[in-house]
Amino acid sequence: MDFLPLPSSQLPPSNYAEVRQERSQRTLASPPALNDHIATRFAVELPIEVQSQLELFLESLPDPDAIARKLIQSTKVAQVGPIKPNSLPKPKPKDKPRPVLPPPQGEILNVVSDRQEYDINTQVFVAEGKVVIKYKKSELIADRVQLNTKSQEVIADGNVFFTRGNQKIRGTKLTYNYGTVKGELLKASGAVDLGTLVSSEVSRTPAEIATNSITVSATGSGDTAEGQVRRFGFIADRLILDGDNWTAENLRVTNDPFSPPELELVTSKATLTPISATQSRLELESPRIFFDQGFSLPFPVNSIIIDRFQRFAPALVGFDKRDRDGVFYQQSFDVVTQPNLSFQVSPQILLQRALSSSNILGFDIFGVVATLNGAFDNGQSLSARASLSGLNISKLDSVLRANASYRLPVFGDHTLLSQYAFRDQVFNGSLGFQDVNNLLGATLLSPNYVLGDSKISLSYQVSAQFVGALRSDIQPNEVSSLIRVQGAAIVSRAFPLLRGEPAPAEKETGLRFSPKPIVPRLDAVVALQGVNSFYSNGANQAALFGTLGLSGEVGNFAKDFLDYTGFSVSYTQAFSSGVSPFFFDRIADTRTLTAGIVQQIYGPIRVGIQQSWNLDTGNLFDSVYSLEYARRTYSVIVRYNPNQGLGEFLLRISDFNWTRPPSNVTNVQNGIEQRN
């Protein structure tokens with residue numbers, strides 16, 4: 001899908017172009033109205049000063065999302081329509097000789113129009129009537145194009161449509177000086193491709209209601225493409241281009257390809273300034289978010305960094321019973337935004353603690369989370385996070401939690417993960433919460449291998465860590481340190497049982513409540529995982545886990561009532577020997593059942609529940625409840641986990657580089673910690 005229509009004299013009256021699946025074979029290079037007309041024309045050589053300056057203009061005209069471009073002054077052979085015979089006067093005796101053309105080579109410049117003329121005295125070239133100019137990957141379409149080779153200024157009037165590669169922009173009038181790289185486009189609209197993110201964080205999909213999943217791996221983690229920055233459509237009364245910067249007046253931005261859009265960011269003025277090759281800063285004046293052309297909210301920030309890092313949503317209402325005594329509000333700010341480094345600080349107001357405290361202005365009612373992310377050469381990356389559940393420094397050892405990790409590619413396709421954690425909060429199923437006071441070590445992670453044509457996946461990990469935590473082999477129980485060497489491997493096989501047809505990717509069908517069409521499905525998975533842990537006191541804990549799972553989606557989430565059901569159920573049986581000297585990684589749940597369902601109730605409203613039971617004791621040790629208002633471009637999500645005392649109220653904007661903050665809780669699955 002695209003945000004812009006093909007150039008046509010019958011454009012839709014709405015501001016944003018409503019785009020459906022491509023059904024026409026028309027292209028920008030040859031609109032239907034031009035086909036027969038072009039066939040009657042013949043190719044002649046453009047004057048060298050016109051030819052070279054047009055090439056310079058098309059080379060320097062900025063992309064919608066990448067304004068700086070190198071000027072290339074090579075000269076090529078041009079194929080054009082007929083120039084009026086009297087428009088090229090004969091050279092006068094005092095005229096300077098025209099430069100000699102170099103040998104024809106490389107790309108060809110094409111100019112097609114109803115009329116063309118060039119005045120050698122004023123050095124002005126004019127093409128009128130359905131003008132199409134093509135050079136390399138660039139194409140300009142307009143009703144009239146005027147080029148002044150002396151001042152290096154181009155004026156394109158009427159139905160202006162500029163394309164370079166996959167980037168497109170249109171307007172009513174373009175004035176651009178390719179010598180000074182400055183200009184403006186009136187009534188501008190287009191689509192900006194912002195690329196693909198690289199992030200160490202996992203971005204949660206709206207349908208995901210808990211951390212448990214029947215899709216398991218040796219490390220128990222996975223990634224998803226949801227939340228990545230892709231394309232945004234924009235409309236501005238005036239787009240001012242100045243070198244590498246652009247300023248838009250009365251700007252409206254949407255991530256909705258349809259018109260009228262259900263979500264818009266509206267601002268009186270916006271300035272996009274490239275910081276580096278991979279970063280841009282967007283400054284906004286009095287921004288607001290409009291929902292369905294009516295209800296609006298002030299946008300929580302007026303400066304946004306667009307780059308390859310994912311960041312926390314600017315505002316979040318969360319619930320943390322254990323560390324923060326309940327409800328808190330969090331606001332996030334960018335502090336450092338370098339091409340390879342991102343540092344974000346998120347102050348918190350602990351609302352529920354403040355209401356129940358006699359000292360409403362005390363340091364205990366404030367918290368803060370700081371995150372540092374780095375992406376370096378050769379695939380290396382850094383991730384660090386510190387969380388303070390109060391600002392009373394005298395209690396630092398009881399309010400601070402911190403962790404850091406560094407990823408380094410090794411052996412071609414493996415990853416060496418170095419980790420440190422301080423007061424890591426671990427939730428271990430039926431054993432509940434445990435604190436790992438200190439952890440320092442490294443883990444070698446394999447890629448996911450597919451064994452031949454069997455479709456069986458294999459992955460493994462090996463780790464060596466120095467761990468300080470509460471021990472069960474010491475009486476009375478106390479915190480002590482041991483070296484732990486752990487190995488884990490898993491083989492799994494997924495079986496796609498059924499596949500349905502997605503609804504058409506249209507506004508009122510497949511994309512009504514979902515950012516992408518939902519494919520009805522039924523899948524089964526079989527997995528076998530082995531974990532073996534050795535401790536420096538001579539203890540050993542080994543287990544073999546077998547998992548059978550079934551998951552599916554029914555419906556297309558396009559109708560008003562009960563048109564979507566997502567479900568999953570999995571059974572895990574463990575055969576273990578030995579006992580860990582620590583509580584935090586001890587295997588206590590040997591037979592578990594996990595089941596979850598997400599159900600559409602009416603329209604965009606979905607509810608979900610997922611629960612896990614220990615079948616030996618009948619204990620319900622983990623559960624998550626969710627309520628979601630889902631739309632194509634955004635969703636509002638409320639989640640609550642009563643067992644862990646965690647919850648959140650979150651606005652998710654599709655295709656934006658905002659993600660939910662990672663939890664302060666590390667879950668243990670099959671004896672392995674799933675650290676953020």
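With which side chain does the side chain of glutamate 553 make a polar contact? In this predicted model, the partner is the side chain of tyrosine 564, at 2.7 Å. The points below begin with the chain as a whole and then turn to glutamate 553 and to a nonpolar patch on the surface.

**The chain as a whole**
- The chain has 676 residues, of which 49% count as buried, and its secondary structure comprises five helices and 39 strands.
- When contacts between residues at least 6 apart in sequence are considered, 56% of them join residues at least 24 apart.
- About 31500 Å² of the chain is exposed, and carbon and sulfur atoms supply 57% of that area.

**Glutamate 553**
- Glutamate 553 belongs to strand 30, which covers residues 540-554.
- Glutamate 553 counts as buried because its relative accessibility is 18%, and buried means under 20%.
- Apart from neighbours within four places in sequence, glutamate 553 is in contact with Ile518, Val519, Pro520 and Arg521, and also with Tyr564, Thr565, Gly566 and Phe567.

**The nonpolar surface patch**
- A nonpolar patch on the surface is formed by Val317, Phe561, Leu562, Ile601, Tyr602, Ile605, Val607, Leu627, Tyr629, Val638 and Phe649, which together have about 940 Å² of accessible area.
- At least two residues of this patch come from each of strand 32 (591-602), strand 33 (605-614) and strand 34 (619-630).
- Leucine 627, one of the patch residues, lies in strand 34 and counts as partly exposed because its relative accessibility is 44%, a value between the cut-offs of 20% and 50%.

Methods. Residues are numbered from 1 along each chain as its sequence is written. This is a predicted model: local features need pLDDT of at least 70, side-chain atom pairs count only at pLDDT 80 or more; totals for chains, interfaces and linings use all residues. Side-chain values use heavy atoms; hydrogens and water are left out. Patches are made of residues with over 30% relative accessible area and no salt bridge: like charges are joined within 9 Å, nonpolar side chains (Val, Leu, Ile, Met, Phe, Trp, Tyr) within 5 Å. Accessible areas come from the Shrake-Rupley method with a 1.4 Å probe; for residues, only the protein chains shown count as cover. A salt bridge is a side-chain nitrogen of Lys or Arg within 4 Å of a carboxyl oxygen of Asp or Glu. Helices (H or I, at least four residues) and strands (E, at least two) are DSSP runs, numbered from the N terminus. Buried means under 20% relative accessible area, exposed over 50%, partly exposed in between (1.4 Å probe, protein chains only). A polar contact is a pair of N or O atoms within 3.5 Å; within protein, one must be able to donate a hydrogen and the other to accept it, and residues adjacent in sequence count only if both atoms are side-chain atoms. Contact means heavy atoms within 4.5 Å.
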